[in-house]
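Biologist: I am new to this structure and would like a close look at a single part of it. Could you begin with the terms you need and then walk me through it slowly?

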Amino acid sequence: MPRPYLPKVITANALIEGDVVYMTAKGMWSRCMRDAEILNDEADAQIRLIDASAQSDDVVGVYLSDVAQGPNGAEPVHFREEFRRTGPSNYLHGKQEGQAHV
Amino acid sequence: MYKYSDFDAAFIAERNRQFRGQVDRRVAGSLTEDEFKPLRLMNGLYLQLHAYMLRVAVPYGTLNGTQMRQFAHIADTWDKGYGHFTTRQNIQFNWPTLSDVPDILDALADVQMHAIQTSGNTIRNVTADHFAGAAADEIADPRPVAELIRQWSTDHPEFQFMPRKFKVAITGSENDRAVIKAHDIGLRIVEQNDVLGFEVIVGGGLGRTPMIGKTLVEFLPREDLLPYLEAVVSVWNEIGRRDNKYKARIKITVHEHGIDAIRELVAARFAETKQEFAGVDMSYLAQFEDAFSEPVYSNRPVDAYDLAYSNDPVFRSWADTNLTAHRAEGYSIATISLKAHGQTPGDATSEQMRVMASLAERFGHNELRVSHEQNIILPHVHLAELPQIHAELSQIGLATANIGLISDIIACPGMDYCALATARSIPIAQEIATRFDELKLEHDIGHLQIKISGCINACGHHHVGHIGILGLDRAGVESYQITLGGDATETAAIGERAGPGFSATKIVPAIERLVLAYLDLRQSDDETFLETYRRLGLAPFKAALYPEAKAHAA
Ligand code: HEM
Ligand code: SF4
């Protein structure tokens, strides 16, 4: 039996900083998962992935990642994606550092 | 220490210039990631979960104060004020931006360091006993030979695209502190009838198929070393499997063909390679031996040490755990723990690096070592200076007295940084150390090595930990598998799996049950965890780990 399709977001790492980024509905990259466009259709997701992968001057390692729809946008379903959107757990570095400054 | 020749310096400068151009072209868009990735990996630059990571080799773990200060400078200027020392005697910077890396490489070249061959299917940074040139039990300093192997293998045309990476470790002592039996090639300097030679061990390795290396020759004359190594690598290069990445390491070749068949093939190839060498390597070796000549020791009273030892219990505790016998009278080897309870194993801040550099310069013949256990060593310090050294370390959080104890944990970066990880390792190490510090049992427990990896690649050496912990992804949840009875020394052994894994919240209590069981089971306070395990086997430890299973059976 084919696995049911889970909603996806497009994610990658920024070319210069390596920071985790997400594709928004406007086709821009955001550092914040909340801004990510949720792709509910499998065929659409594949097409968007091809488009996003073509932007290889800005990002590295583009892929589709499973998400769930949360009250504030996409939420990771796997712990690896939870760490990617948050940063390491031993120091408040990466994205957490940015948040500490606002 | 070895100093770069003009050739070395020019070679590194040229490599850095090339890489700067490659980064520029990548940023400008004229190189694709597929083209650029192998180039960055050749220069030690990985892309991790949250950022790039630059891996810098500390050849055979030896560095001086100036080099350590440069790490501090790099950490402050281009990273987040710290560095991570690894089980491969490297330092990793976790947060460089791509465009800064060429400047970092130039800063490294200024102090005769680089990041070449810290990645890829090459002969990697040769690792060595971290007490080399200082240990009382040593036959000869292994570092000149390590340097010889490094020079022979760096940029060697035949060895740039091998079936897989290749790791060499070397020790000059009977007591193996370099885990030589878990390397592709392990070398031990041995003496026969007053002549120095090598025991050559081949086919060790951890990862998904852990294996303890086997002896290929018991005594190889010194002058035959490079042609012999070339023969080994060349045989493997020829018959090693390239069809399957997981079967490509020499350990699989040795396993599939058998050590005797490999020995014969190597002997045949050696007859050819020996002709090609003509002894130039031995004149290099003589030069390197001069570069590593022993420091000039002084003969001074040790009263200051004796006084502090009898009057200051904190100093005494540190001296008892963190010092090792030195070969020179009145001297000692001091290990600086990078395992303060609750901290990330192997991390040092730039401020700590500067203090260690300064201590080495003022009191330690300007030498520092990185151990595969992720600690830093002052290899030659006079006993009289130790109270002062200890006082300065205390001020900066570096005086933890726990070498060889349960909180002296090896942990790989795991899912906090590593893109290949299946679970985190750092927080587990932090929690175990914190818990046993609370229990105040650490010194009572005695020698016990815990080693943690965040995936099957085994960068944290979990297979050879007395207690090994492997983090896995079990149906989308972090799960930790325990192995017991591993040993990283001359009596090397692969640990045995204890049973089903534990979740992130259950693993620390499980370790606690295990260790408390050991305290009950040991015959005397001197019987170490490993000795008790060897005497009794898995069963009583398993019972402590899985009390429910016992309850069901009853
Ligand atoms: C974070 C980036 C890292 C990556 C991508 C990485 C990747 C790998 C891979 C793929 C292997 C298995 C190779 C094989 O079996 O052929 C391996 C082995 C190893 N790594 Fe790492 N590693 C990383 C970090 C580290 C760190 C930080 C250390 C030291 C703490 C380390 C030490 C080792 C060691 C000792 C082995 C050898 C295990 C063996 O004998 O097979 N690695 N690494
Ligand atoms: S063992 Fe796995 S998780 Fe840990 S550093 Fe190596 S590759 Fe990464």
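Modeller: Happily! Two strands pair if DSSP finds at least two bridges between them. Strands (E, at least two residues) and helices (H or I, at least four) are DSSP runs, numbered from the N terminus. This is a predicted model, in which local features need pLDDT of at least 70 and side-chain atom pairs count only at pLDDT 80 or more, while totals for chains, interfaces and linings use all residues. Residues are numbered from 1 along each chain as its sequence is written, chains are lettered from A and ligands numbered from 1 in the order in which they are written, and side-chain values use heavy atoms, with hydrogens and water left out.

Let me choose strand 15 of chain B as our part. In chain B, five strands make an open, antiparallel sheet in the order 3-14-15-12-11. Its edges are strand 3 (62-63) and strand 11 (323-325) of chain B, each with a single partner strand, so one side of each has no neighbour in the sheet. Strand 15 of chain B covers residues 376-382, and seven of its seven residues are buried, so the rest of the structure largely encloses it. Here buried means under 20% relative accessible area, exposed means over 50%, and partly exposed is in between, using a 1.4 Å probe and protein chains only.

On one side, strand 12 (residues 331-336) of chain B runs antiparallel to strand 15 of chain B and is joined to it by five bridges. Across this pairing, Thr335(B) faces Ile377(B), and Ile336(B) has Ile376(B) as its bridge partner. On the other side comes strand 14 (residues 368-370) of chain B, antiparallel to strand 15 of chain B and linked by two bridges. There Val370(B) stands opposite Ile376(B). Ile376(B) therefore appears in both pairings, with Ile336(B) and with Val370(B).

How many residues separate strand 14 and strand 15 of chain B in their hairpin? There are five, and one residue of the turn, Gln374(B), has a positive phi of about 70°.

Other residues in chain B also have a positive phi. Gln112(B), which is not a glycine, has a phi of about 60°; this residue sits in the loop between helix 4 (101-110) and strand 6 (127-128) of chain B. With 29% relative accessibility, Gln112(B) counts as partly exposed. Ala458(B), again not a glycine, has a positive phi near 65°. Unlike Gln112(B), Ala458(B) is buried, at a relative accessible area of 4%, and its place is the loop between strand 17 and strand 18 of chain B.

That loop takes us to the ligands. Cys459(B) is found there too, between strand 17 (450-453) and strand 18 (467-474) of chain B. The SG atom of Cys459(B), at 2.2 Å, is the only protein donor of the iron atom of ligand 1. Donors are N, O and S atoms within 2.8 Å of the metal (3.2 Å for Na, K and Ca), and water is not among the atoms, so sites may look incomplete.

A residue counts as being around a ligand if one of its heavy atoms lies within 4 Å of it. Ligand 1 has 23 such residues, and those that come nearest are Gln48(B), Thr87(B), Leu206(B), Arg249(B) and Cys459(B). A polar side-chain atom of Arg249(B) is 2.8 Å from an oxygen atom of ligand 1, and a polar backbone atom of Leu206(B) is also 2.8 Å from an oxygen atom of the ligand. For Gly207(B), a polar backbone atom is 3.4 Å from an oxygen atom of ligand 1.

By residue type, the shell of ligand 1 holds nine nonpolar, eight polar and six charged residues. In this grouping Ala, Val, Leu, Ile, Met, Phe, Trp, Tyr, Cys and Pro are nonpolar, Asp, Glu, Lys and Arg are charged, and the others, Gly among them, are polar. The shell of ligand 2 divides into eight nonpolar, three polar and no charged residues. Among the residues around ligand 2 are Cys412(B), Cys418(B), Cys455(B), Ala458(B) and Cys459(B), which brings us back to the loop between strand 17 and strand 18 of chain B.

How values were computed. Polar contact = N/O pair within 3.5 Å; in protein donor to acceptor, adjacent residues only side chain to side chain.
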